[in-house]
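Visitor: I have a model open in front of me, but I don't know how to read it. Could you walk me through a few features?

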Amino acid sequence: MTKRRKTIGGNWKMNLNRKDSIALAEKLVGETDMQSLDLCIYPALPYLDTVAGVLAEAGSSIKLGAQNFHGKSNGSFTGEISLEMLRDIDCQTVLVGHSERRHKLGESDVLVNQKLRAALDTGFDTTLCIGETLKQREADQTNAVNTAQLCYGLAGVTSDQLRQVTLAYEPVWAIGTGESATPEDAASAHAAIRRYMEFAYGKAAAAAIRIQYGGSVKPDNAAEFFAQTDIDGALVGGASLEAEDFLRIIQLAKSAEEH
Ligand SMILES: O=C(CO)COP(=O)(O)O
């Protein structure tokens, strides 16, 4: 069986000011040893450069990620930030297709795909987020929605480029609600996602791609997720804003990695 290295993301969303962003990054670099897993943090855009400085000064291998970007390299796009700009400040990875951007900010599957391909073409590692709403879940459409979002999101992505991609299954109803999927439900969705990836890209690629779970992951439930075969880490929102909680989740991922 392919051994996949666990990957943990801390999505700070539109939270923390400059001082708190620095303080949190400093605590993370001080306490994380990254030998057995990958760790990425996604600060709010105005503080990316500052947090990049904290990571660089400590020689940390925590990756810096951006929550959002524009797919074009430059031009008349008022208010937008390009991948080139992100690279210029040592940002290595980006999120695409987060449900808050899909559902609260109107990003379509087509736009998600354009952004994903732009990020891959520019050499960024990219996390593609997918997941169903409560209504879709109640209508038993979880796997159909995930498959459709993968199919649209990954259109035109080659097998080579897929190596830059991580998937994140984040059921919309579990995000920020305190109500996480059960580990069994999440495991079943992850297994279906991997089956689709096998259909689309073949056995080896499906076995290699990492799939994070996201949605109310906390120190007290993380271990159960990490114990599932097809769950390769977590994309954490609320609990990544508190150093103690996030470090605990990282620790649990490491322990799972060692077993
Ligand atoms: O959206 C998420 C991560 O991208 C999950 O957020 P919560 O952990 O706050 O539910």
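Guide: We'll take the ligand's surroundings, one helix, the annotated sites and a loop residue in turn. Keep in mind that this is a predicted model.

Visitor: Let's begin with the ligand. How many residues surround the ligand, and which are the closest?

Guide: The idea is to list the residues around the molecule and then sort them by character. Here 14 residues surround the ligand, and the closest are N11, G176, G214, G237 and G238. By character, the shell has five nonpolar, eight polar and one charged residue.

Visitor: Which residues does UniProt annotate as "binding site"?

Guide: The unreviewed UniProt entry gives that label to N11, W12, K13, G176, S216, G237 and G238. They span 228 residues in sequence, yet no two of their C-alpha atoms are more than 13.9 Å apart, so they gather at one spot.

Visitor: Pick one of them for me. Where is G176 found, and is G176 buried or exposed?

Guide: For burial, you count the C-beta atoms around a residue: 20 or more within 10 Å is buried, 12 or fewer is exposed, and in between is partly exposed. G176 sits in the loop between β6 (165-169) and α9 (183-201). With 12 other C-beta atoms within 10 Å, G176 is exposed. Setting aside neighbours within four places in sequence, G176 is in contact with G237 and G238.

Visitor: And where does G238 lie?

Guide: G238 belongs to the loop between β8 (233-236) and α12 (243-258). G238 has 19 other C-beta atoms within 10 Å, so it is partly exposed.

Visitor: Now a helix. How far apart are the end C-alpha atoms of α1?

Guide: You can check a helix by its span, using 1.5 Å a residue. Helix α1 (residues 18-31) has 14 residues and should span 20 Å; its end C-alpha atoms are 20 Å apart, which agrees.

Visitor: Which residues of α1 are buried?

Guide: Those are S21, L24, A25, L28 and V29. Look down the axis of α1 and these buried residues fall within an arc of 130°, so they line one face of the helix. On the other side of α1, you'll find K19 and G30 exposed.

Visitor: What covers the buried residues of α1?

Guide: The cover includes β2 (38-42), α2 (48-57) and α12.

Visitor: Which residues does UniProt list for "active site"?

Guide: The unreviewed entry lists H98 and E170. They span 73 residues in sequence, yet their C-alpha atoms are no more than 8.2 Å apart, so they gather at one spot. H98 is in the loop between β4 (93-96) and α4 (99-104), while E170 is in the loop between β6 and α9.

Visitor: Are H98 and E170 buried or exposed?

Guide: Do the neighbour count again. H98 has 28 C-beta neighbours inside 10 Å, so it counts as buried. E170 is buried too, with 28 other C-beta atoms within 10 Å. Leaving out residues up to four places away in sequence, E170 touches S99, C129, G131, I175, G214, G215 and L235.

Visitor: One last residue: where does I89 lie, and which residues is I89 in contact with?

Guide: Place it first, then look for partners from elsewhere in the sequence. I89 lies in the loop between α3 (83-88) and β4, and with 15 C-beta neighbours inside 10 Å it counts as partly exposed. Beyond its neighbours within four places in sequence, I89 is in contact with L48, D49 and A52. I89 and A52 are 37 residues apart in sequence and 6.9 Å apart in space, C-alpha to C-alpha.

Conventions. Residues are numbered from 1 along each chain as its sequence is written. This is a predicted model: local features need pLDDT of at least 70, side-chain atom pairs count only at pLDDT 80 or more; totals for chains, interfaces and linings use all residues. A residue is near a molecule or strand if its C-beta atom, placed from the backbone, lies within 6 Å of it. Ala, Val, Leu, Ile, Met, Phe, Trp, Tyr, Cys and Pro count as nonpolar, Asp, Glu, Lys and Arg as charged, and the others, Gly among them, as polar. UniProt positions are given in the numbering used here, feature names are shortened, and annotations may be inferred rather than shown by experiment. Helices (H or I, at least four residues) and strands (E, at least two) are DSSP runs, numbered from the N terminus. Two residues are in contact if their C-beta atoms, placed from the backbone, lie within 7 Å. The expected span of a helix is 1.5 Å times one less than its number of residues. The arc is that of the directions from the helix axis to the C-beta atoms.
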